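Work through the exercises below with the coordinates open. Each task is followed by a solution in steps.

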Amino acid sequence: MIDNIVQLDATRIAELIAQRKLSPVEVMQAHLDRIAAVNPRVNAIVALADGAMDAAKKAEAAVKSDARLGALHGVPFTVKDGIDTAGVLTQRGSPIFRGRVADTDATVVARLKAAGAILIAKTNPPEFSYSIETDNLLTGQTNNPWNLDYTPGGSSGGESAAIAAGMSPLGVGSDLSISLRGPAAHTGIVGFKATHGRMPMTGHWPRVPRRFWHIGPMARSVRDVALAYSLMAGPDGADGFSISSPDFDTGVGTKSTRQVRVGWLASPGFFGPTDPAVVATVKAAAHALGNAGCQVEEVRLPVLEQTDANSVLWKLQQMEARPEFEKVTAGHEGQIFRHAKLVLDAPDTPIADFVAAEQVVERLRDSFADYFQRYDALLCPVTPFPATRHGLDDLVVNGETVSAFHVMSATSPFSLTGMPALSMRFGTSRDGLPIGVQIVSSWLAESTVLKVASLLEEVSPVRNLHPAI
């Protein structure tokens, strides 16, 4: 008898199933029971997959028949509700899409299923996956399982909350500016955004601006997101941005014979202030990596300190997203929540400002290309402050009043440039909430990000903590 099934990571569950020490039916039932027990308070799960238990029974029969098992055979997983799942509700956080059921799986969902994973449920997004908080008019507000009065962030907030609360060991989220990494940091799990194009976006809505959108895995361990990445990545023949095989990797990898070179920054680091607790967490992580054998030094990247990446991203994405939003909301004006209204009500970006914003992105890319000639990885904050209470418009960070959108200041630069970045917990706020750190590397160097994250996880003072819910 295995205790605390819902606290095991996906890799361990798969191992125990393959060893016949756990059955897929036991695993599925444990997670369904957990959803029934805690979801009414968290509101992370918005639709159950009707065929989940039947799939678990088939998976159990396959184990008993000595069939060849996939890497995630019998492991439940959840999917953000902006990503298509065949035969299961995909309502995109909006009454406009109430009752919508997709005919086919998104590419990444199909690939996880092919590896033996079983879809158990869909998780709550903000309307159209466009907000730093997870709330909408259809399925309501998701709460942070570490403190229900606080937000889990957005837009993959339902996904991160479900995993943190033990309702799912593995999930699929998506990221435009913060949406994988921020919620992961706010709820104390791992979120991984690979290089833009590594993961096909086929089956994700909205499709625009696809040059900034990323799909990625979320889990409670680095090895889980690494495994899921290896299964989900690669061209699918439908997404024109997805052209790079995961087999081609320019990172340090596990066979490196030299020290991994890590630069770190916290404050000054990005455009605007950073909470002292976040600064202290990044410093502690840098110290831990040094003790783990990395070559570590504090760095300055003036381009990050001087660039308002949030403003740049807004000027670019708003012009691309709004026509799509106008099309789907036409005739449904009374069903639009506040997040989509921000996009719909914003004035056009003048062409000169649009071009200037594109040139800022080019400068960011040039600066990162130069930095990664000298370092293998960058260690920095995920968010400038820990999770906040629901509905905050402004807040004070290190004595300075900032917009709640400042939460994206340390993630937007790496979405604009499409670089691989991972969020993982390494600290705790004065309110008992998780604090994350972000590990970034050069384009296509996912192995470096995962290597550094694995080293950090091994020495983490907060590893294997779970919310008391």
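**Exercise 1.** How many bridges join E1 to strand E3, and do they run parallel or antiparallel?

*Solution.* The model is a predicted one.
Step 1. Strand E3 covers residues 118-123, and 3 bridges join E1 to it.
Step 2. The two strands run antiparallel.
Step 3. To locate the pairing, take Ile 45, which stands opposite Thr 123 in E3.

**Exercise 2.** Write down the strand order of the open sheet and find which strands stand at the edges.

*Solution.*
Step 1. The sheet is built from 11 strands, in the order E1-E3-E2-E4-E6-E5-E12-E13-E9-E7-E8, with mixed pairing.
Step 2. The edges are taken by strand E1 (45-48) and strand E8 (295-298). Each has a single partner strand, so one side of each is left without a neighbour in the sheet.
Step 3. With direction ignored, neighbouring strands of the sheet are turned by 30° against each other on average.

**Exercise 3.** Describe how helix H2 and helix H14 are placed on the strands.

*Solution.*
Step 1. Helix H2 (residues 24-42) packs on the sheet and touches E1, strand E2 (76-80) and E3. The direction of H2 makes about 15° with that of E3.
Step 2. Helix H14 (residues 446-458) lies across five strands: E5 (190-193), E7 (261-264), E9 (377-381), E12 (421-428) and E13 (434-441).
Step 3. Relative to E13, H14 runs at about 145°.

**Exercise 4.** Which residues have the most contacts inside the largest nonpolar core, and which helix gives the most to this core?

*Solution.*
Step 1. The largest nonpolar core has 126 residues, and Leu 378, Leu 379 and Leu 422 have the most contacts inside it.
Step 2. Helix H12 (residues 351-374) gives the most to this core, contributing 8 residues.
Step 3. Another core lies apart from it, with 9 residues, including Ile 132, Phe 385, Leu 395 and Ala 404.
Step 4. Now list the surroundings of Leu 422, leaving out residues up to four places away in sequence. Among the residues that Leu 422 touches are Val 190, Phe 192, Val 225, Ile 439 and Leu 450.

**Exercise 5.** Why does the radius of gyration of the chain agree with that of a compact globule?

*Solution.*
Step 1. For 469 residues, a compact globule would have a radius of gyration near 23 Å.
Step 2. The chain has 21 Å, which agrees.
Step 3. As further figures, the C-alpha trace spans about 60 × 60 × 45 Å along its principal axes, and buried residues make up 63% of the chain.
Step 4. Of the contacts between residues at least 6 apart in sequence, 76% join residues at least 24 apart.

Definitions and conventions: Residues numbered from 1 in each chain as written. Predicted model: local features only at pLDDT ≥ 70, side-chain atom pairs only at ≥ 80, totals over all residues. Heavy atoms only, no water. Core = buried A, V, L, I, M, F, W, Y, C linked by side-chain atoms within 4.5 Å. Buried < 20%, exposed > 50% of the residue type's maximum accessible area, 1.4 Å probe, protein only. Helix = DSSP H or I, 4+ residues; strand = E, 2+ residues; numbered from the N terminus. Contact = heavy atoms within 4.5 Å. Pairing = 2+ DSSP bridges. Axes fitted to C-alpha atoms, helices over the stretch in contact; angles between N-to-C directions. Rg over C-alpha atoms; globule rule 2.2 N^0.38 Å.
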